[in-house]
Amino acid sequence: MAVAETFTGKAKTSELKSRDLRGWIAAVDRLGELKTLQGADWDVELGAITELAHHQGEQSKALLFDNIKGYPAGYRVLSNTLSTTRRIALTLCMDTSFSRPEFIKAIKRRITEVQYVKPLVVKDGPVMENVFEGQDIDMWKFPTPKWHELDGGRYIGTGSVDITRDPDDGWVNLGTYRVMIHDRDTLGFYISPGKQGRIMREKYFAKGQPCKVAVSFGQDPLLYLAGGMEVPHGVSEYEWVGGLQGRPVEVIEGEYTGLPIPASAEIVIEGEAMPGEVRNEGPFGEWTGYYASSMRPEPIMKVKRLYHRHDPILLGAPPTRPPCEFNYMRCFVRSAMIWQELEAAGVPDVRGVWCHEAGGSRLLTIVSIKQRYPGHARQAGMVATYCHAAAYLGRYTIVVDDDIDPTNTNDVLWALTTRSNPEADIEIVRRSWSGPLDPIIPKGQKGHNSRAIIDACRPYEWMSEFPPVAESSPEVRRAVQEKWGKILGE
Ligand SMILES: Cc1cc2nc3c(=O)[nH]c(=O)nc-3n(C[C@H](O)[C@H](O)[C@H](O)COP(=O)(O)O)c2cc1C
């Protein structure tokens with residue numbers, strides 16, 4: 001098997017002493033992975049700098065912007081957070097010195113073993129340092145970036161979590177859904193069809209009731225990671241995070257909504273969305289790398305309470321053309337989640353999963369299996385395409401044999417081009433879950449897309465007669481390495 005990129009850095013759980021955004025920043029600084037920038041402009045500059053930084057790959061630093069043009073010192077923006085494996089591992093309370101495939105496997109083990117821990121309700125917390133209501137609410141007071149040149153506004157919510165309660169079952173969902181500022185006390189929030197927050201909102205609206213919502217715009221990045229991932233239906237991200245960090249998340253019950261808000265968050269609003277109240281939202285540079293959903297009327301929320309810490313820090317995670325920071329952590333966590341769901345569905349001998357960066361963690365999934373029986377590859381492909389973590393806006397799933405490292409693009413393309421026969425090995429499934437962000441669906445028809453599941457494994461029936469691979473055996477390689485390695489300089 002070809003060798004994938006390996007990571008030698010080590011992040012230790014103990015380095016994260018306090019579970020809030022400031023504790024995370026301090027830990028990242030100790031790792032030598034923080035850069036502070038003074039005087040940047042919220043208007044496009046912050047977004048473009050984040051883009052440049054992410055392109056430095058595993059060397060890229062988390063960026064803390066201060067003295068942002070037109071704003072007081074101390075009102076900061078943090079970006080490029082979960083864009084290295086060390087920072088993802090730190091956030092997930094994991095040690096890492098793993099290769100990429102091993103890291104995914106370790107995350108899979110961690111989320112499979114997690115025991116949910118309920119949040120702890122407390123009376124007070126740092127988020128209550130400044131409280132505003134009525135005329136005193138002003139959402140423009142923060143240095144909210146206009147992240148990309150063609151954005152239709154300033155997006156305060158990217159690395160944020162929207163908190164809602166299911167009106168029927170009472171469970172609390174945290175979802176990362178983008179939030180745009182319309183005016184001093186009005187925000188727009190876009191939630192794609194089928195997402196849990198959207199289903200909850202629609203339930204309220206169907207009853208003619210307001211949908212109460214709280215949004216945190218800066219918090220422990222683990223809460224943001226959870227909000228941006230497909231945590232199982234009915235499980236609150238608070239409980240999932242509590243389990244991963246090994247202690248309950250401290251929350252305060254919001255005075256207006258009664259919703260639990262992170263006690264040590266940087267900036268939180270409580271508000272409500274009313275049925276039928278909409279305003280144009282977007283365009284916004286999206287994770288697919290386009291402005292596909294353009295501008296449409298979307299529900300607004302009226303802000304009823306604004307809370308923030310002194311010198312608040314806004315957590316930003318702007319999507320751009322992949323690969324980008326926004327998608328990086330999702331590639332690892334989604335791969336682990338799909339792997340976990342494959343196992344839960346009874347698919348045996350999964351050897352690896354990779355949700356490729358180029359597809360923004362959704363559009364291209366590769367699953368590696370040790371083929372055990374006829375139909376095994378199709379089964380793995382179908383489950384990996386339609387399980388919860390993968391179902392929304394996927395496109396291609398490629399199933400490969402266990403000698404292929406799914407995280408190695410050359411390996412995968414080699415298997416695809418040599419072990420699949422297009423007329424026999426591509427299953428097309430139509431009318432699958434998509435939405436307005438899908439760039440290949442014309443405006444006005446957005447809703448469904450199709451999926452291709454490609455079996456790029458050696459054909460099961462004549463697997464053993466498939467042409468042998470033209471590369472040296474491990475024994476020959478070892479012997480040659482010993483004899484010639486020095487001369488080759490390896
Ligand atoms: C930074 C970031 C921004 C996101 N923005 C949106 C968005 O604007 N709308 C949306 O529907 N999903 C968005 N997502 C994806 C959802 O957060 C993701 O699908 C999550 O699983 C939704 O939560 P749910 O499973 O509770 O519905 C975003 C994810 C991330 C990481």
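Biologist: How many cavities of 30 Å³ or more does a search of the whole structure find?

Modeller: Keep in mind that this is a predicted model. Rolling a probe the size of a water molecule over the atoms shows where empty space is left. For cavities of 30 Å³ or more, the search of the whole structure comes back with 2.

Biologist: Let's take the largest cavity. Which helix gives the most to its lining?

Modeller: The largest cavity holds about 50 Å³ of space. Its lining includes Gly 47, Thr 50, Glu 51, His 54 and His 55, along with Pro 318, Thr 320, Pro 323, Cys 324 and Glu 325. By class, that lining has 3 nonpolar, 5 polar and 2 charged residues. The element giving the most, with 4 residues, is helix 2.

Biologist: Pro 323 is in that lining. Which residue comes before it across the cis peptide bond?

Modeller: Pro 323 sits in the loop between strand 17 (313–315) and helix 8 (325–344). Its cis bond has omega near -5 degrees. The residue on the other side of that bond is Pro 322.

Biologist: And what about Pro 283: which two strands does its loop lie between?

Modeller: Here too there is a cis peptide bond, running from Gly 282 to Pro 283 with omega near -5 degrees. As for the loop holding Pro 283, it lies between strand 15 (278–281) and strand 16 (296–308).

Biologist: On to the second largest cavity. What is its volume?

Modeller: The residues lining it include Arg 362, Thr 365, Tyr 396 and Arg 451. Helix 9 and strand 20 each supply at least two residues of that lining. By class there are 3 nonpolar, 4 polar and 3 charged residues. The volume of this second largest cavity is about 40 Å³.

Biologist: Now the largest pocket. Which residues are the closest to its centre?

Modeller: The largest pocket holds about 550 Å³ of space. It is lined by 35 residues, and strand 8 (172–175), helix 5 (196–206), helix 6 (221–227) and helix 8 each give two or more of them. Closest to the centre are Thr 176, Tyr 177, Lys 195, Arg 330 and Arg 362.

Biologist: How many residues of that pocket lining are charged?

Modeller: The lining of the largest pocket has 17 nonpolar residues and 11 polar ones. That leaves the charged class, with 7.

Biologist: Asp 401 caught my eye. Is it buried or exposed?

Modeller: Asp 401 lies in strand 20 (residues 396–401). Its relative accessible area is 4%, and the cut-off for buried is under 20%. Asp 401 therefore counts as buried.

Biologist: Which residue has its backbone nitrogen reached by the side chain of Asp 401?

Modeller: That side chain also makes a polar contact with the side chain of Arg 419, at 3.0 Å. Beyond its neighbours within four places in sequence, Asp 401 is in contact with residues including Ser 368, Ile 369, Gln 371 and Cys 457. The backbone nitrogen reached, at 2.8 Å, is that of Arg 458.

Biologist: Speaking of Cys 457, how far away is the nearest cysteine sulfur?

Modeller: The disulfide count here comes to 0. Cys 457 has Cys 355 as the owner of its nearest cysteine sulfur. A disulfide needs the sulfur atoms within 2.5 Å, whereas this one is away by 17 Å.

Biologist: What is the relative accessible area of Cys 457?

Modeller: Cys 93 is buried, with a value of 14%. Cys 457 is buried as well, and its relative accessible area is 2%.

Biologist: Any odd backbone angles? What is phi of Asp 311?

Modeller: Val 44, in the loop between strand 1 (34–38) and helix 2 (45–54), has a positive phi near 75 degrees though it is not a glycine. Asp 311 is in the loop between strand 16 and strand 17, and at 37% relative accessibility it is partly exposed. Its phi is positive too, near 45 degrees.

Biologist: Last one: how far apart in space are Gly 375 and Tyr 460, C-alpha to C-alpha?

Modeller: Gly 375 is in the loop between strand 19 (364–369) and helix 9 (376–386). At 43% relative accessibility, Gly 375 is partly exposed. Gly 375 and Tyr 460 are 85 residues apart in sequence, while the C-alpha to C-alpha distance is 8.2 Å.

Technical notes:
Residues numbered from 1 in each chain as written. Predicted model: local features only at pLDDT ≥ 70, side-chain atom pairs only at ≥ 80, totals over all residues. Heavy atoms only, no water. Buried < 20%, exposed > 50% of the residue type's maximum accessible area, 1.4 Å probe, protein only. Polar contact = N/O pair within 3.5 Å; in protein donor to acceptor, adjacent residues only side chain to side chain. Contact = heavy atoms within 4.5 Å. 1 Å grid on protein atoms, 1.4 Å probe; cavity = no way out; pocket = protein on both sides within 12 Å on 5 of 7 lines; lining within 4 Å. Points joined across faces, edges and corners; volume = space filled by probe spheres on them. Nonpolar A, V, L, I, M, F, W, Y, C, P; charged D, E, K, R; others polar.
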